[in-house]
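Below are some notes for a colleague who wants to check the coordinates point by point. They are arranged by topic and may be taken in any order.

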Amino acid sequence: MMLDLGPFSDEKFDPKKWINSACQTRHSQESLDNHLVDLEMKLQMVSEEISASLEEQSASALLRVPRATRDVVRLRDDAISLRGSVSGILQKLKKAEGSSAESIAALAKVDTVKQRMEAAYETLQDAAGLTQLSLTVEDVFASGDLPRAAETLANMRHCLSAVGEVAEFANIRKQLEVLEDRLDAMVQPRLTDALSNRKIDIARDLRGILIRIGRFKSLELHYTKVHLKYIKQLWEEFESRQRSSKIANEKNEVERIASNNEFQSSAPSVMFSSWLPSFYDELLLYLEQEWKWCMVAFPDDYRTLVPKLLVETMASVGGSFVSRINLATGDVVPETKALSKGILDILSGDMPKGIKLQTKHLEALIDLHNMTGTFARNIQHLFSESDLQVLLDTLKAVYFPYDTFKQRYGQMERAILSSEIAGVDLRGAVTRGIGAQGIELSETVRRMEESIPQVIVLLEAAVERCISFTGGSEADELILALDDIMLQYISTLQELLKSLRAVCGVDHDGVGSKKEVGFDKKEGVSNARKADISSEEEWSIVQGALQILTVADCLTSRSSVFEASLRATLARLSTSLSLSVFGPSLDQKQSQSANVDGHGELSVGGRAALDVAAVRLIDVPEKARKLFNLLDQSKDPRFHALPLASQRVAAFADAVNELVYDVLISKVRQRLSDVSRLPIWSSVEEQSAFHLPTFSAYPQTYVTSVGEYLLTLPQQLEPLAEGISTSDNNDEAQFFATEWMFKVAEGASALYMEQLRGIQYITDHGAQQLSVDIEYLSNVLSALSVPIPPALATFHTCLSTPRDQLKDLLKSDSGNQLDLPTANLVCKIRRVSLD
């Protein structure tokens, strides 16, 4: 049996558990005593072996301790010795550093002196060379060798820069400037000939001469001067054609008069709009030829020389270009063409009365701008190798003639829209007196409703014109113009609404949907007019008034949709203009503050910066900031693109609701106008000598008329509700009819109760009759599902109760359900004392 000594090393060793475990491993035929004896003997033998091993290892360890102690002492001594050696080395390094620093400083001073001496030597050489060059430069010029002369002048310029501001060489500096001008003048005739006759090698050599003396600007100016002459001839060709056409027409006119031929044809006049594309084509072809030639002749400069030529061209013809554009916009309208006037003249007020700015004027301007835009895109493609700044300057020059018009774009759009809105026929048939109100009302309402989509189309066209002409740079001015025009249109609708109140017979002041007090003071004129109106025409007026609701609904929905589309347009502009002006890789707000406030410093991120709107905004940082603030605000869902118009639309809708309510309630007001003064309230039941049966009272005519009117209203409202609501939304139509039904019914209840409160005295007979009237009206309200007002129910209860029981009623439990002020008023009217 082998012993496992592993469990003995466990800290939680349990002897009893170990012995029990050992006993369980014995053979079944072996006795327990023999097994335990054998186990004890093995444990004793193992214990003796462990003890002997410990003694042997302890003795060996005692022998190794002195040796280890000696090794530790030796290592400590070596460490101390090493520390001392390192300390000595550090001291030597410090001493060496101190002595070498002084040596290095001395060497640095010597090197400085050497450099100065060399510089002085070179300066003296330059000075000597400058003196020599100034003496021989005239001989060089006399030889006619221009490259050598340029090299000499360049060396003189170098020597002058070396000697600095020395008084002895001041005359030479002046002489050098004169000589450079002289050489420049000598180069110009040859350069003119080389540029005119396409002499590439000579032009390249002359360019090198000018570059050598620092006169690249002279090359630019001379190149522009040579080619500008031909381009101006192209531009002046238009006026030549016009003069020829004018002379031919005058000649034909003379021949016609002489021959009495009334049908002799005249030469067609040259239109600027038809001539401009051909000018652009010829100019583009000329610039393409120059670009290709300069690529060979001036490979380092063609990217700036040819664009510079176009910039100078537009600068030289800019004034006449603006004038021609102005006249061309006037040619599309006979009145302005006859006066030789255009948009700018109309805006300045220098026109006869009655001539206004028309859409045709602005459309002609946009057509010309589109021609220029096509030319600008071709130029952008041609000059695609040029720097972005060069391209931007070039495109600004191309679009420059239109800046005057864009600056006044808001004024133009406002004038056009104002004229178009004024031309919309909103008036119906003229007032034709009593009996024609229904016809006039329906016709006017029809025209009002038809005018709304017409006006929205005009506003949408204005938005399209703004994008087409300005690319969105004038969006802020457009918004102001649209808001003003909407205000003008809605003001016209409101004036019509006031006139319709007179047509409907509800033009009295102070009576509205919210106020039913004091109406009896204004009933005279209205009732006099109503008295002459037939029942059929009365219903015609009601139907016409209900149709006005479609006008308000149409205006609200169409203006809301237009404003939403305008907001979407502003959002698109915000994205495109941000990319154009600030670049795709920059944060917009950071770019805005860094660039717009940077006094024209450009930071554009790509070719999108050449957009027509960006080209205009780059040079007007204040306008750019204002526009981008507007575009940022447009991203807010609460933003109103037309804030004033939105408020006025809501006010118009309220005014329409008030008018419709007044019309619907006017018949009720008319029938109930004298209820408080009816004689039946104070009448006494007649006594008869005969015994006659008693009959129940019947509702009076005034209340049955009101009831029948209220019961008829749903039939009048349903067709209108179906027209206003969508065809598939019956719930909305039902809600609309119910809402107006409740308004009129509640208004009728309020008017009736106001009349009841005006009764001064009522007899028992009158109380019985009034109770029947109130009960009838209450039944009508119940039939219409309109809740009966507590005050009206109190009137009915108190009036239907016998006079001698009224006091007890108020004191009973039933009295708690009554409207107490109304109950007290009825007691007062019936002369019942509550004391």
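1. The first point concerns a residue with an unusual backbone, and it should be kept in mind throughout that the model is predicted. S340 lies in the loop between α9 (334–339) and α10 (343–348), and although S340 is not a glycine, its phi is positive, at about 55 degrees. S340 counts as partly exposed, because its relative accessibility is 49% and the partly exposed class runs from 20% to 50%.

2. A second case of this kind is R198, which is not a glycine and yet has a positive phi of about 60 degrees. R198 is placed in the loop between α4 (170–196) and α5 (200–212), and with a relative accessibility of 33% R198 is likewise classed as partly exposed. As background for both residues, most residues other than glycine have a negative phi.

3. As to the overall make-up, the secondary structure of the protein consists of 28 helices and zero strands. Of its 835 residues, 41% count as buried. Among contacts with a sequence separation of 6 or more, 76% are between residues 24 or more positions apart.

4. How does the length of α16 agree with its number of residues? Helix α16 (residues 475–504) has 30 residues, which at 1.5 Å a residue should span 44 Å, and the C-alpha atoms at its ends are 42 Å apart, so the two values agree. Just after α16 comes G505, which takes a positive phi of about 80 degrees.

5. On the other side of α16, in the loop between α15 (437–470) and α16, lies S473. Is S473 buried or exposed? S473 is buried, because its relative accessible area is 0% and the class takes in values under 20%. Leaving out residues up to four places away in sequence, S473 touches A613, R616, L617, K623 and L627. A further pairing is that of S473 with A614, which are 141 residues apart in sequence while their C-alpha atoms are 7.5 Å apart in space.

6. L566, a residue of helix α18 (residues 535–582), is buried as well, with a relative accessible area of 3%. When neighbours within four places in sequence are left aside, the contacts of L566 are with V463, I479, L482, A641 and L642. The C-alpha atoms of L566 and E460 are 8.6 Å apart, although 106 residues separate the two in sequence.

7. The packing of helix α25 (residues 764–783) with helix α26 (residues 790–800) has an angle of about 145 degrees and axes that are 8 Å apart, and the crossing is left-handed. From α25 the contact takes A767, L770, S771, I774, E775, L777, S778 and L781, while α26 brings in L792, F795, H796, L799 and S800. By class, these residues are eight nonpolar, four polar and one charged. In considering the spacing of such residues, it helps to recall that an α-helix has 3.6 residues a turn, so residues three or four places apart point the same way.

8. Helix α11 (residues 359–382) and helix α14 (residues 409–422) form another pair, with axes that come within 9 Å and cross at roughly 145 degrees. The contact is made by T359, L362 and L365 of α11 together with Y409, M412, E413, I416 and E420 of α14. Five of the residues in the contact of α11 with α14 are nonpolar, one is polar and two are charged.

9. K356 belongs to the loop between α10 and α11. With a relative accessible area of 51%, K356 is exposed, because that class begins over 50%. Apart from neighbours within four places in sequence, K356 is in contact with I346, H361 and S419. K356 and I343 are 13 residues apart along the chain, and their C-alpha atoms are separated by 9.4 Å.

10. The last point is about cysteines: how many disulfides does a search of the whole structure find? The search finds zero disulfides. Two cysteines may be looked at individually in this connection. C466 counts as buried at 1% relative accessibility, and C554 counts as buried at 16% relative accessibility, because the cut-off for that class is 20%.

Note on methods: Residues are numbered from 1 along each chain as its sequence is written. This is a predicted model: local features need pLDDT of at least 70, side-chain atom pairs count only at pLDDT 80 or more; totals for chains, interfaces and linings use all residues. Side-chain values use heavy atoms; hydrogens and water are left out. A disulfide is a pair of cysteine sulfur atoms within 2.5 Å. Buried means under 20% relative accessible area, exposed over 50%, partly exposed in between (1.4 Å probe, protein chains only). Axes are lines fitted to C-alpha atoms, for helices over the stretch in contact, and angles run from 0 to 180 degrees between N-to-C directions. Helices (H or I, at least four residues) and strands (E, at least two) are DSSP runs, numbered from the N terminus. A crossing is left-handed if the near helix is turned anticlockwise from the far one by less than a right angle, and right-handed if clockwise. Contact means heavy atoms within 4.5 Å. Ala, Val, Leu, Ile, Met, Phe, Trp, Tyr, Cys and Pro count as nonpolar, Asp, Glu, Lys and Arg as charged, and the others, Gly among them, as polar. The expected span of a helix is 1.5 Å times one less than its number of residues.
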